[in-house]
Amino acid sequence: MRVPHTARDLFDALPSLPGFRAEVIEGKLIVSPMGTPEHLWMAADLHDALQPLRRERGWRGSPQGPSICIEGPRDSLAPDYVLVPPRCARWGQEVLSSYVIMVAEVVSPSSVHVDREEKRHLYAVGRVPVYLLIDPVPEVPVVTVHSDIADGGYRSIATVPMGKPLHLPAPVDFELDTSIFMA
């Protein structure tokens with residue numbers, strides 16, 4: 001048996017962990033339990049809202065996977081929602097980040113820093129064009145879309161209070177009714 005030398009090596013050697021998500025974020029292996037039912041339902045509601053767009057464009061979407069390999073550092077992220085073209089390149093079972101159209105994360109009290117900062121940075125490094133952040137944690141819940149990557153970061157950021165419409169920019173180009181997250 002080969003001894004893992006990096007967090008990525010250990011991640012690649014992990015068996016399936018039902019009920020948990022494993023990620024490599026900036027060189028650290030992070031194993032955490034799956035989200036609450038409300039967390040999971042928000043990702044499913046986004047999936048349902050994007051169904052007409054997915055059908056029209058032939059895209060695939062999935063709450064809770066697949067994992068994304070961030071090209072460059074090879075970090076592995078497990079977003080709450082992934083939108084991809086029908087045939088996209090992979091690193092093993094992971095989708096390569098430069099092929100992803102959009103990812104979404106639902107913030108929970110335990111993931112505030114990771115979702116708002118670390119993953120935002122890594123998705124930009126991996127050239128994911130649209131990063132949607134559904135954030136029910138603050139007193140006034142918000143939904144934020146990040147886009148327009150330059151110099152390893154997102155230059156365009158639009159935030160609305162949850163319940164207001166939010167335009168998801170190209171390549172998605174879709175008006176999202178964020179009231180779907182308020183159930």
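**A sheet, a hairpin and two cores**

Asp135 stands opposite Val142 in strand 11, where a strand is a DSSP run of E with at least two residues and a helix one of H or I with at least four, both numbered from the N terminus. The structure is a predicted model, in which local features need pLDDT of at least 70 and side-chain atom pairs count only at pLDDT 80 or more, whereas totals for chains, interfaces and linings use all residues. Residues are numbered from 1 along each chain as its sequence is written, and side-chain values use heavy atoms, with hydrogens and water left out.

Strand 10 and strand 11 run antiparallel and are joined by 5 bridges; two strands count as paired if DSSP finds at least two bridges between them. Both belong to an open sheet of 6 strands in the order 3-6-9-10-11-12, with mixed pairing. Strand 3 (60-63) and strand 12 (153-161) stand at the edges with a single partner strand each, so one side of each is left without a neighbour in the sheet. Neighbouring strands of this sheet are turned by 15 degrees against each other on average, direction ignored. Helix 4 (residues 112-125) packs on the sheet, touching strand 9, strand 10, strand 11 and strand 12, and its direction makes about 170 degrees with that of strand 10; here contact means heavy atoms within 4.5 Å, and axes are lines fitted to C-alpha atoms, for helices over the stretch in contact, with angles running from 0 to 180 degrees between N-to-C directions.

Elsewhere in the chain, strand 13 and strand 14 pair in the antiparallel sense over 4 bridges, and Leu166 stands opposite Leu176 in strand 14. These two strands form a hairpin with 5 residues between them, and Asp173 in the turn has a positive phi of about 50 degrees. Along strand 14 the side chains alternate, with Phe174 and Leu176 pointing to one face and buried, while Glu175 and Asp177 point to the other and are not buried (buried means under 20% relative accessible area, exposed over 50%, partly exposed in between, with a 1.4 Å probe and protein chains only).

The largest nonpolar core, a set of buried Ala, Val, Leu, Ile, Met, Phe, Trp, Tyr and Cys residues joined through side-chain atoms within 4.5 Å, has 24 residues, of which Leu46, Met102, Leu132, Ile134, Leu168 and Val172 touch the most other members. Among the elements that each supply at least two residues of this core are helix 2 (37-49), strand 10 (130-135) and strand 14 (174-177). Apart from it lies another core, of 19 residues, including Ile25, Val84, Cys88 and Val128.
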